[in-house]
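Student: Could you take me on a close look at one part of this chain, the small sheet, and then show me what surrounds it? I would like to follow it residue by residue on my screen.

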Amino acid sequence: MGAAEVPQFLTDLAVQRHVSASTQNQAFHALLFLYNRVLQKDFGMIEGVVRAKKPQRLPLVLNREEVKLVFAQLTGTLLLICRLLYGSGMRLFECLQMRVKDIDFTRNEITVRDGKGRKDRVTMLPTSCKEALLQHLEKVRRLHQSDLDQGLGQAPLPDALDRKYPNADRSWGWQYVFPASSHYTDRCTHRRHRHHLHESVVEKAMAAAVLRSGIAKPATPHTLRHSFATELLLAGYDIRTVQELLGHKDVSTTMIYTHVLN
């Protein structure tokens, strides 16, 4: 089988089996890998494939009462992370990879470094989180000092900055705001680092909190980002401001929240 059967199979997936666009694309790339890398054959151009349509889905959002119900089921660091997601619009990974130096308590700003598309942006630091965040950072500072006393305390630096600034990885400003509970050994440098908290920890805690709260919506940490956007629009913020805070490249991506409000 080759160039004739591949488009027939891909078309059957879309027309008869009604798979999603991502599933059809995954099947196509799996076949491409099979022929190119395993069979070492080229089946040429693929034409006449009926493509599965990617639906336009509205983002899931929580209203204020639902957010309160979910937050009532969370405590400690996990609650603080979710409050920051809801109050700043950051993505989960952007929040977890945040460094101490990225927070400006005077200007109530958070600088999001190396976000989606490797772009930096500035978003707001919710004032309701400031006191809890300051208390959290005091605990992290004591943990960092304990690591330094043991000859550790190194945080992984991006873009080979450890070669340019050899001692920067031990400085307080480069430490993660939400560090992991244990260290790991880098396979390349063989240094012991304390990485940031893993995304799955927050995702599992959020899922359990939604279940206990009795909310029927399948909310995730990313739902808090959507809820942040809709709350800004309800408060009267213009669409371009929301676009800048969310870090969207195109304003049409942000416009979808206006449909959620309708």
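Tutor: Happy to, and a good place to start is D114, which sits in the loop between β2 and β3. Please keep in mind that this is a predicted model. The phi of D114 is near 55 degrees, a positive value in a residue that is not a glycine. With a relative accessibility of 34%, D114 counts as partly exposed, since that class covers values between 20% and 50%.

Now step from the loop into the sheet. The sheet is open and has three strands in the order β1-β2-β3, paired antiparallel. β1 (103–104) and β3 (121–124) stand at the edges with a single partner strand each, so one side of each has no neighbour in the sheet. In general, the strands of a sheet pair through backbone hydrogen bonds, in either a parallel or an antiparallel way. Here, strand β2 (residues 109–112) is joined to β3 by four bridges, and the two run antiparallel. You can trace this pairing on your screen: E109 has M124 as its bridge partner in β3, while V112 stands opposite R121 in β3.

β3 deserves a second look for its two faces. In a regular strand, side chains alternate between the two faces of the sheet. In β3, R121 and T123 make up the covered face, whereas V122 and M124 make up the uncovered one.

What lies around β3? One neighbour is helix α10 (residues 239–246), where V242, Q243, L245 and L246 are buried. These four cover an arc of only 165 degrees around the axis, which puts them on the same side of α10. The buried residues of α10 pack against β3, and also against α4, α9, α11 (251–254) and α12 (256–261).

Two of those partners, α4 and α9, also pack against each other. A pair of packed helices is described by the angle between the axes and the distance between the axes. For helix α4 (residues 76–88) and helix α9 (residues 221–234), the angle is about 35 degrees and the axes are 6 Å apart. Their crossing is right-handed. On the α4 side, the contact is made by C82, L85, Y86, G87 and S88; on the α9 side, by P221, L224, R225, S227, F228 and E231. Sorted by class, this contact has six nonpolar, three polar and two charged residues.

To finish, here is another loop to set beside the one with D114. H18 lies in the loop between α1 and α2, and H18 also has a positive phi, about 55 degrees, although it is not a glycine. H18 is exposed, with a relative accessible area of 64%. In helix α1 (residues 5–15), the buried residues are V6, P7, L10, T11, L13 and A14. Viewed down the axis of α1, they fall within an arc of 155 degrees, so they line one face of the helix. Part of what covers them is α2 (21–38). V38, found in helix α2, counts as exposed at 52% relative accessibility.

Methods: Residues numbered from 1 in each chain as written. Predicted model: local features only at pLDDT ≥ 70, side-chain atom pairs only at ≥ 80, totals over all residues. Heavy atoms only, no water. Axes fitted to C-alpha atoms, helices over the stretch in contact; angles between N-to-C directions. Left-handed = near helix turned anticlockwise from the far one by under 90°. Contact = heavy atoms within 4.5 Å. Nonpolar A, V, L, I, M, F, W, Y, C, P; charged D, E, K, R; others polar. Buried < 20%, exposed > 50% of the residue type's maximum accessible area, 1.4 Å probe, protein only. Arc of directions from axis to C-beta. Pairing = 2+ DSSP bridges.
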